[in-house]
Amino acid sequence: MKHTLEVDGVMLSFGQNRVLQNIYLKCESGSVTGLLGRNGCGKSSLMRIMFGEPLTEDRSVRIDNQSLLGSFRDSKDMRYLPQQHFIPKHLSLTSVLDDFGLEKDRLLENFPEFDAFPKLKVNQLSGGWQRILELYIILMSESKFVLLDEPFSHIMPLHVETIKRLIVEEKQNKGILISDHLYEHIMEVSDQVYMINNGRSFLIESAQDLHDNGYIRLR
Ligand SMILES: Nc1ncnc2c1ncn2[C@@H]1O[C@H](COP(=O)(O)OP(=O)(O)OP(=O)(O)O)[C@@H](O)[C@H]1O
């Protein structure tokens, strides 16, 4: 069954700073939706609002036309990878995978390096490996939708390629919303790409659109 995640009616200001005001965004299971925009345009805020953080009262977030009210999000509906580390640092790799219902063998198929630190706690992993683990558990766990905020930051290029492959494979099981400034990767894995500029969202078609909106400089 195909699922749809939509958000609109978002109004977000911090004091005099009007951040979001004319937003419509739609994600569908079976596809990857990219989200791009200049630093500070409101991408993370929008994901946080979609995930239920009470940044503003003015929003409508719906899955399959059913409004998601309040701040609780069932993990069967939606999971969210924030920019900051979120796994409690004292947990072991094994317990983290168990908590998210994931098999270690599958992790090792994609990132065999984890085999070298079987008993390590999360805080004994390097920052990049923590990030890979966090991304992996959110992306691969059962859920209708996952929101990934800067999944490629702190990750070496070889593993960025692995993650891109996993994203494309995993979209068969869910809808994926992804935001990162490595825009070429976003354009490559996404089936559709939204941009936020001056508080409004719109679909873009090409790198030329990104240039025209002051996000990249084409030579
Ligand atoms: N708690 C807060 N208090 C005041 N202003 C905030 C707060 N959180 C975010 N902002 C402002 O809201 C705007 C949007 O921030 P947000 O982090 O959503 O942008 P972003 O598009 O994700 O940026 P980046 O690409 O730099 O991560 C920025 O101007 C930021 O300064």
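Which residue in E3 is the bridge partner of serine 13? In this predicted model, the partner is arginine 18. The pair belongs to the contact between strand E2, residues 12-14, and E3. Three bridges join these two strands, which run antiparallel. Together E2 and E3 form a hairpin. Two residues lie between the strands. One residue of the turn, glycine 15, has a positive phi of about 60°.

A separate set of strands builds an open sheet. The sheet has four strands in the order E4-E1-E6-E7, and the pairing is antiparallel. E4 and strand E7 (66-67) stand at the edges. Each has a single partner strand, so one side of each is left without a neighbour in the sheet. At the E4 edge, the partner is strand E1, residues 4-8. E1 and E4 pair over five bridges, in the antiparallel sense. Within this pairing, threonine 4 stands opposite glutamate 28 in E4.

In a regular strand the side chains alternate between the two faces of the sheet. Strand E4, residues 24-28, shows such alternation. Leu25 and Cys27 point to one face and are buried. Tyr24, Lys26 and Glu28 point to the other face and are not buried. Glu28 thus joins two descriptions: its side chain lies on the face that is not buried, and the residue stands opposite threonine 4.

The ligand is surrounded by residues from several parts of the chain. The shell consists of Phe14, Asn17, Val19, Gly37, Asn39, Gly40, Cys41, Gly42, Lys43, Ser44 and Ser45. Strand E3 (17-20) and helix H1 (43-50) are the elements that give two or more residues to this shell. The largest share, three residues, comes from H1. By residue class, the shell divides into three nonpolar, seven polar and one charged.

One member of the shell, Cys41, was examined further. Cysteine 41 is found in the loop between strand E5 (32-36) and H1. With 22 other C-beta atoms within 10 Å, cysteine 41 is buried. Leaving aside residues up to four places away in sequence, cysteine 41 touches Ile196 and Asn197. The C-alpha atoms of cysteine 41 and aspartate 180 are separated by 13 Å. These two residues are 139 residues apart along the chain.

Two helices, H4 and H5, form a further contact. The axes of helix H4 (residues 127-140) and helix H5 (residues 157-170) come within 11 Å. They cross at roughly 10°, which makes H4 roughly parallel to H5. From H4, the contact takes in Ile132, Leu135, Leu139 and Met140. These meet His159, Ile163, Leu166, Ile167 and Glu170 in H5. The contact residues divide into seven nonpolar, one polar and one charged.

Aspartate 99 was considered last. The residue is placed in helix H2 (residues 93-99). Aspartate 99 has 13 C-beta neighbours inside 10 Å and therefore counts as partly exposed. The C-alpha atoms of aspartate 99 and arginine 131 are separated by 17 Å. Along the chain, this pair is 32 residues apart.

Terms used
Residues numbered from 1 in each chain as written. Predicted model: local features only at pLDDT ≥ 70, side-chain atom pairs only at ≥ 80, totals over all residues. Near = placed C-beta within 6 Å. Nonpolar A, V, L, I, M, F, W, Y, C, P; charged D, E, K, R; others polar. Buried ≥ 20, exposed ≤ 12 C-beta atoms within 10 Å, placed from the backbone. Pairing = 2+ DSSP bridges. Axes fitted to C-alpha atoms, helices over the stretch in contact; angles between N-to-C directions. Parallel < 35°, antiparallel > 145°, perpendicular 65-115°, else oblique. Contact = placed C-beta atoms within 7 Å.
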